[in-house]
Amino acid sequence: MRLAELSRRSGVSTATIKYYLREGLLPPGRQLNATTAEYDEEHLRRLRLVRAMIQVGRLPVAKVREVLGHVDDESLGSSIRLGAALWALPQVPEPDEDDAYVRAAHEEVAALVDRLGWENAKCLATLSPAYRSLVVTVAAFRRLGYDWGAEQLAPYAELMHRTAVLDLDNMETLPPGAERIEFAILGAILNEPVLRALHRLAQEEETTRRYGFE
């Protein structure tokens, strides 16, 4: 397809597409002559991903370029490629390791992954932004006087593991390579708000079942 059709099918203006091309967020099209290039379905898919990261995820262009660099790095194995792309997304601030609440939270999160038998999570603890994010959140709870720890978190973690299984099952229906990684990135940006909304909707449903509309 030509640039005009790519714009029409994606809903992105030709000027914005040209900007994404200049910034390296889209691969160049197949050059037909000095002024015309041709694009395909992969360009359309990538354009939608870029749009989601910028418009929904509110990622700056430099961060989008970094994430996509990992998506396209075929020298990495599948797990490292996926992890690098997800870890490049914006994360919570680093925990203050001198804070007593953070130290206590570290102990609880370590106990949680032990309890669940998540050996890979334990191995990646010093590297994983998700692990650090959980530590920061548990520390915040404890600082407010809520002693949430491994025992309270375990049922939620088990539900999230089932969600992760569904995520990867869906991802594996796609061809191996960049398309799967793109799907995972979209999931991180778009699916997490869906899960949050479903959680709140379920809370509303359960509240009215238990207590009615009074």
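**Exercise 1. Determine which residue ranges make up domain 1 and domain 2, and how many residues each brings to the contact.**

*Solution.* The domain assignment of the protein places residues 3-88 in domain 1 and residues 100-211 in domain 2, where the bounds come from an automatic or database domain assignment. The model is a predicted one, in which local features need pLDDT of at least 70 and side-chain atom pairs count only at pLDDT 80 or more, while totals for chains, interfaces and linings use all residues. Residues are numbered from 1 along each chain as its sequence is written, and side-chain values use heavy atoms, with hydrogens and water left out. Taken over C-alpha atoms, the centres of domain 1 and domain 2 are 28 Å apart. The contact, meaning heavy atoms within 4.5 Å, takes 16 residues from domain 1 and 16 residues from domain 2.

**Exercise 2. Describe the area buried between domain 1 and domain 2, and state which three residues of domain 1 supply the most of its share.**

*Solution.* The size of an interface is often given as the accessible area lost when the parts come together. Here buried area is the accessible area (1.4 Å probe) that two parts lose on being put together, summed over both. By that definition, domain 1 and domain 2 bury about 1,400 Å² between them, and 81% of it lies on carbon and sulfur atoms. On the side of domain 1, Arg45, Leu82 and Trp87 supply 41% of the area buried against domain 2, more than any other three residues.

**Exercise 3. Characterise the polar and charged pairing between domain 1 and domain 2, then the makeup of the side of domain 1 that touches domain 2.**

*Solution.* First come the charged pairs: side chains of opposite charge can pair when their charged atoms come close. With a salt bridge defined as a side-chain nitrogen of Lys or Arg within 4 Å of a carboxyl oxygen of Asp or Glu, the count between domain 1 and domain 2 is three. Arg45 forms a salt bridge with Glu182, in which the closest N and O atoms are 2.5 Å apart.

Next, across the interface of domain 1 and domain 2, two residue pairs are in polar contact, both at pLDDT 80 or more. A polar contact is a pair of N or O atoms within 3.5 Å, where within protein one must be able to donate a hydrogen and the other to accept it, and residues adjacent in sequence count only if both atoms are side-chain atoms.

Finally, α3 (41-56), α4 (61-71) and α5 (78-87) each supply at least two residues of the side of domain 1 that touches domain 2, helices being DSSP runs (H or I, at least four residues) numbered from the N terminus. By class, that side has ten nonpolar, two polar and four charged residues; Ala, Val, Leu, Ile, Met, Phe, Trp, Tyr, Cys and Pro count as nonpolar, Asp, Glu, Lys and Arg as charged, and the others, Gly among them, as polar.

**Exercise 4. Trace the salt bridges of Arg9, Arg45 and Asp99, giving the place of each partner and whether it is buried, partly exposed or exposed.**

*Solution.* The salt-bridge count comes to 15. Buried means under 20% relative accessible area, exposed over 50%, and partly exposed in between (1.4 Å probe, protein chains only).

1. Arg9 forms a salt bridge with Glu41, with the closest N and O atoms 2.7 Å apart. Arg9 lies in helix α1 (residues 3-10) and Glu41 in helix α3, so the pair ties together parts that are 32 residues apart in sequence. Arg9 is partly exposed at 32% relative accessibility, and Glu41 is partly exposed at 46%.

2. Arg45 forms a salt bridge with Glu179, with the closest N and O atoms 3.7 Å apart. Because Arg45 lies in helix α3 and Glu179 in helix α10 (residues 178-211), the pair ties together parts that are 134 residues apart in sequence. Arg45 counts as partly exposed at 25% relative accessibility, and Glu179 counts as partly exposed at 25%.

3. Asp99 forms a salt bridge with Arg143, with the closest N and O atoms 3.0 Å apart. The pair links distant parts of the chain, since Asp99 is in the loop between α5 and α6 (100-116) and Arg143 is in helix α8 (residues 129-143), 44 residues apart. Asp99 is buried at 19% relative accessibility, whereas Arg143 is partly exposed at 41%.

4. Salt bridges that share partners join Arg45, Arg46, Asp72, Glu179 and Glu182 into one network.

**Exercise 5. Locate Arg58 and describe its phi angle and its accessibility.**

*Solution.* Arg58 is found in the loop between α3 and α4. Although Arg58 is not a glycine, it has a positive phi of about 60 degrees. With 67% relative accessibility, Arg58 counts as exposed.
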